Amino acid sequence: MAPQLNVKGSDSGTARILGSGASGIAELLIFHPVDTIAKRLMSNKSKVSASTLSTIIFKDYATAPLGRKVLSLFPGLGYAAGYKITQRIYKYGGQPWFSDILSKNYKEQFTNTFGERKGKMMLQATAGSLTGIGEVVLLPLDALKIKRQVNPEAFRGRGVIRIFMEEGTTLYRGWGWTVARNAPGSFALFGASAATKEYMFGIQDYHKATWGQNFVASIAGAIASITVAAPLDTVKTRIQNANFEQKVSGVTVVKDLIKNEGTAALFKGLTPKILVVGPKLVFSYTLAQSLIPWFSKYV
């Protein structure tokens, strides 16, 4: 007999939405410029030097006053808000939901296969991987955000509704590479975080971790996730930032990238991402892990 899909967990659905949504809003307000810089560095196909760095980052506003330069790092804020808040609600609120399903219906299998401690961590990591795979449904919002950040000419004055109507499935370009990136990336994020709580702090119930413990666990998860997903993230970004009418396959992107820039180019932007995008993930993940249990006390 098939197991029942029992998904009721320790935190309410409302608490998960509020906690993860709040973390997404806070992250967006603080880190959107950082994300823009990282995307522009990853999309750049020429060698980066001190003389070209300003042009790569600020584009047409490289020689503009400082205030205008800073504002130029907020392109597509509306698309970013729609994507980031939805994505964080899905990722941080959805992973516990998948974890509840696996825990209530398949916990015994995980325990028998990996042992009690490792089984619990593998369950968290697997729930994260499933969440990452499902994240592909948000790809159109991600594609629009990236295009607005690095290739605004592709919009040609069109609004979001018109773009959805005209481009259709084109907005899902690179979905296979997105799944290939998200599955191991989310596995590493939630798995490394769970491992840190389990082995470094000896926490039995991950929901009872303190803010500081969540912070340290988030650092481990973020570094693992960014490093594992870096090559596929570069490919995905190159596919997505092209003009709508250009149909470039991921295989072509990889071949051209290795041929023209070398295999090290697959990790372009890794250092900036770990140094400046990593804290973004650490910030939002720590906040979500702390806010969800807090909201659960009231809703």
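**A lysine over a ring, a pocket and aromatic pairs**

K69 lies over the face of F58, with 5.2 Å to the ring centre. The model is a predicted one. K69 belongs to helix 3, which covers residues 66–71. The relative accessible area of K69 is 18%. K69 therefore counts as buried, since the cut-off for that class is under 20%.

The surroundings of K69 were examined next. Leaving aside residues up to four places away in sequence, K69 touches S54, F58, Y61, A62, T63 and A64. F58 is thus both a contact of K69 and the ring beneath its charge. I57 is twelve residues from K69 in sequence. The C-alpha atoms of K69 and I57 are 9.3 Å apart in space.

Attention then turned to open space in the model. The largest pocket has a volume of about 840 Å³. Its lining consists of 36 residues. Closest to the centre of this pocket are S99, Q124, D205, Y206 and H207. Four helices each give two or more residues to the lining: helix 4 (77–114), helix 5 (116–134), helix 8 (175–200) and helix 11 (270–296). Helix 4 gives the most, with ten residues. By residue class, the lining of the largest pocket holds eleven nonpolar, 13 polar and twelve charged residues.

Aromatic rings were searched across the whole structure. Seven aromatic pairs were found. W97 and F98 form one of them, in an edge-to-face arrangement. Their ring centres are 5.2 Å apart, and the angle between the planes is 80°. W97 has a relative accessibility of 37%, so it counts as partly exposed. F98, at 18%, counts as buried, because this value is under 20%.

W294 and F295 form an aromatic pair as well, and this pair is edge-to-face. Here the centres are 5.0 Å apart and the planes meet at 75°. W294 is partly exposed, with a relative accessibility of 41%. F295 is buried, at 18%. In each of these two pairs, then, a partly exposed tryptophan is set against a buried phenylalanine.

The search also gave a grouping of rings. Y92, F190 and Y285 form one aromatic cluster.

Note on methods. Residues are numbered from 1 along each chain as its sequence is written. This is a predicted model: local features need pLDDT of at least 70, side-chain atom pairs count only at pLDDT 80 or more; totals for chains, interfaces and linings use all residues. Side-chain values use heavy atoms; hydrogens and water are left out. Buried means under 20% relative accessible area, exposed over 50%, partly exposed in between (1.4 Å probe, protein chains only). Contact means heavy atoms within 4.5 Å. On a 1 Å grid over the protein atoms alone, a cavity is a set of points where a 1.4 Å probe fits but cannot get out, and a pocket is an open set with protein on both sides within 12 Å along at least five of seven lines; lining residues have an atom within 4 Å of a point. Grid points are joined across faces, edges and corners, and a volume is the space filled by probe spheres set on the points. Ala, Val, Leu, Ile, Met, Phe, Trp, Tyr, Cys and Pro count as nonpolar, Asp, Glu, Lys and Arg as charged, and the others, Gly among them, as polar. Rings of Phe, Tyr and Trp (its six-membered ring) pair if their centres lie within 6.5 Å; planes under 30 degrees apart count as stacked, over 60 as edge-to-face and the rest as tilted. A charge sits over a ring if NZ of Lys or CZ of Arg is within 6 Å of the ring centre and within 35 degrees of the ring normal.
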